[in-house]
Structure formats: structure tokens, C-alpha cells
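Trainee: Could we go through this model together? I would like to practise reading its sheets and helix packing.

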Amino acid sequence: PCHITTKTGPGPVICGCRPDRNNMLLSESRVARGVCPAARNVCVPPVVSRATRRRLAPVRATASPSPQVAPDTENNIPWHQLKLKHVLASEQFTKESLNIIFDEAMKMEKIRPGMPEARMLEGYIMSTLFYEPSTRTRLSFESAMTRLGGTVISTESAGEYSSAAKGETLEDTIRTVEGYADVIVLRHFQEGSARRAASVASIPILNAGDGPGQHPSQALLDVYTIKREVGRLDNIKIGMVGDLMNGRTVRSLCKVMSLFPGLKVYFVAPSVVRMKDDIKEYLTQRGVQWSEVDDLASVAADVDVLYQTRIQKERFTDLQEYAKARGKYIIDESIMRALRKDAVVLHPLPRVDEITVDVDADPRAAYFRQARNGLYIRMALLKLAILGLNGGGANNGQK
């Protein structure tokens, strides 16, 4: 390990890792995390306590995951108090974290161009790395950063048009891009890719979907929408419909909603794409009632939220299996007649044919309002990840 030295009193922080880099100024945030971007080592101040050493030691440029990648209950540190606020999995969040994110999102709804709040991320840069197609997630993150005064650098179809096409590893891409940006939004086709990225990153990684794994920001906006539309999060009955095996949104949503008492979940899916056992076990361990049901109309008559998903053709290797699943459960006018008057229909979008267009005019069809809420949730996440809760910078107010 090297030593970071500072001048006595106010002054710049100087990297002491290598003589040839001795004049490189380090940000306070990287000093706080003990990371020197020049040497990619763990920098240890000359005199540190054991607690400080334990806190700094995990942040290494290795392939092993950092403890800060784990849920926010790790070391009893809530997500919103972590120095490095990765957003990787929905189980990172407690009710306290959710309340803070939702309060910030409500503030974001009121921001308009020209307001001082619209410049809070001025001078900060977000990089979007999308290895899979996206419309809503990518554009809402980019719009969120822009609406807060920040700048966006991006590569579309990163697997094809970035150095990944030349064989560069995800870890090397992250190590490179973090030198250009203050936060990275990553969508990747491999489950677990966000954790891999976070294990080598010294800036926040926001998981925008990792294959069939998780989509935590989608889960946050879904729960935020349920709260806004239904008016509560306790004692919710939710019917999850469609491709539950490959749908990362429903997996993430199950984990977040399990925080709230009285949850009951109905899984309605073709046999080839039923919910995986790991989510069922997760819910059972937390005392959540769940059942698998074939009759969509009966579920619609009982739930507060009907959450439809498309059958994901791109996840199938056998198109005959896809044909068996597609079109089995469609929300149309007949299902809307069965749906309770105070219930809502959600969908992470895009849809294909699993919700007919004549449903759009029904006030209970909340999926486009849901998509709009994604903007506010992602504005809140960017603000908290970059500036911290108090808005003065996630690490002592310094970029």
C-alpha cells in the first residue's frame, strides 16, 4: 500500500503512490474510499485505526465483490449512508432507504428549468453503458441527468460498438470509463454483471438490468407508482402475469414489496415461464403468501395491482417454447371488467400484444404514468449517489 499525503491545513490532496504521479490531485471522495486512480491500489493514510483499515481494505481493484456491493443491511449501514452508493439489487434497500428515495423523487417532480435545483448536478458526468436495447430506462436516466444540470456520455449497443467488440472485458471497460465520469449506468446481458462492475469501480454503478437477474431502479419506480396510485404499500395484493421466469422486473419487485406487511402475490404464467423457485423461497422465508394461479380473471377480481409483463422472445433458445407462452394471458376489456374499480394495471413496457390498446383509455391503466415516474426515481437516485442525502456531495461535498 502507498500513503496519501496532504498539506497541513487547507490545500490539495496529493497522490503519493508513484513519484511520476506525485502532482496529481485526488478528489476527497476517492481519498475517503482509499482509492488511487493512478496506481489502482488501496491507499492507506499514514496513521489509521483498525476500523478505518477494515473499511478501506475491501475497495480493491480485484474481481472479488466489495462488501459495499451487498445489501444495505451489511454492517448495519443503510444504503443512503454508504460512501459509495452502488444500486445493484433490490434487496439493498430497507424501508428507511425507500422513504428517503421516494421523498427525493417527490421533490424532483417539482423541478422546472431555471430553478436552482435544476443545476444541482452541473459539472458532473454520467456514462450510460448499454449492452442490451433500451428505450425507457436509458432515456429516463439520460433525461434525469440532464434535468439536474449534468452531462451525459454514452455508447449505444456497447457490445457491438464499444471495445467489447474487440474482446475487452467488462472490468477493463469500467476501469477506463470511470476516469471519464462520476457515475455509470450499466445494462448488460449477463446476470451478475453489475456486481462484477461494482467490484472494480470507485464511482457509483447503477444497474439498469443484468440479463434475467435484476432491475432495481425499475422495482423502485414500480413501488413508488403503487404508493402513488393505490395510496399505501401495506396489505397489497398483486398479480404478476406473463414471463415470470425471465422477467427481472418481477423478481426485483417481489423483493422490495416483501418489506411491507400483508403482501399477497399471485403468479399467473404459462408453464414454460413460471416464477423461479429462488423467488418463491425468498418470499416464503419472509412470511409472504404466494400462489400460482391459472385463471387471470379471478386474480383480477381480487388484486390491488395487476402487473403484466411481455413474453421475452430474446430469452428463448427454442421458438416453439416461445410460441406456447405467447398470447396465453392478455389483459383486454373482459379482464378490465373483472378488475376491481380501485385497482391499477402496471407494465414495465415495452408491450407487444399482452395488453390490448383499448385498455389504454381506462383510468386504471397506469403504465404510462408508471414510466413517467421512472424519471423522478432516477433523478433521485442520481442526486443521492453523486451528492448524498444532504446535497453537499456524497463524500464531504467534494466531487
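What follows is a short exchange about the sheets and helices of this predicted model.

Trainee: Let's begin with the whole chain. How many helices and strands does the protein chain have, and what share of its residues is buried?

Mentor: Happy to start there! The protein chain has 14 helices and 13 strands. Of its 399 residues, the buried ones make up 53%.

Trainee: Now to the sheet of 5 strands. Which strands are at its edges?

Mentor: The order in this open sheet is E11-E10-E9-E12-E13, with parallel pairing. An edge strand pairs on one side only, and that leads us to E11 (289-292) and E13 (344-346).

Trainee: What is the bridge partner of Val265 in E11?

Mentor: Strand E10 covers residues 264-268 and pairs with E11 in the parallel sense over 4 bridges. In E11, the partner of Val265 is Trp290.

Trainee: Which strands does helix H9 touch, and what angle does its direction make with that of E9?

Mentor: Helix H9 (residues 248-257) packs on this sheet. It touches E9 (237-241), E10 and E12 (305-308), and its direction makes an angle with that of E9 of about 160 degrees.

Trainee: Helix H8 also packs with H9. How are H8 and H9 oriented to each other?

Mentor: Good one to work through. H8 (residues 216-230) and H9 have axes 8 Å apart and pack at about 60 degrees. H8 passes H9 in a right-handed crossing. An angle of 65 to 115 degrees would count as roughly perpendicular and one under 35 as roughly parallel, so the two helices are oblique.

Trainee: How many nonpolar, polar and charged residues make the contact of H8 with H9?

Mentor: H8 contributes Pro216, Gln218, Ala219, Asp222, Val223 and Ile226, while H9 brings Thr249, Ser252, Leu253, Val256 and Met257. By class, that gives 7 nonpolar, 3 polar and 1 charged.

Trainee: Let's turn to the sheet of 4 strands. Why is one side of E6 and of E8 left without a neighbour in the sheet?

Mentor: The strands of this open sheet follow the order E6-E5-E7-E8, and the pairing is parallel. E6 (151-155) and E8 (205-210) stand at the edges, so one side of each has no neighbour because each has a single partner strand.

Trainee: Which residue of E8 stands opposite His188?

Mentor: Strand E7 (residues 183-188) runs parallel to E8, and 4 bridges join them. Opposite His188 in E8 stands Asp210.

Trainee: Last one: which helix packs on this sheet, touching E7 and E8?

Mentor: Its direction makes about 160 degrees with that of E8, and it spans residues 193-200. That is helix H7.

Definitions and conventions:
Residues are numbered from 1 along each chain as its sequence is written. This is a predicted model: local features need pLDDT of at least 70, side-chain atom pairs count only at pLDDT 80 or more; totals for chains, interfaces and linings use all residues. Side-chain values use heavy atoms; hydrogens and water are left out. Two strands pair if DSSP finds at least two bridges between them. Contact means heavy atoms within 4.5 Å. Axes are lines fitted to C-alpha atoms, for helices over the stretch in contact, and angles run from 0 to 180 degrees between N-to-C directions. Angles under 35 degrees count as roughly parallel, over 145 as roughly antiparallel, 65 to 115 as roughly perpendicular and the rest as oblique. A crossing is left-handed if the near helix is turned anticlockwise from the far one by less than a right angle, and right-handed if clockwise. Ala, Val, Leu, Ile, Met, Phe, Trp, Tyr, Cys and Pro count as nonpolar, Asp, Glu, Lys and Arg as charged, and the others, Gly among them, as polar. Buried means under 20% relative accessible area, exposed over 50%, partly exposed in between (1.4 Å probe, protein chains only).
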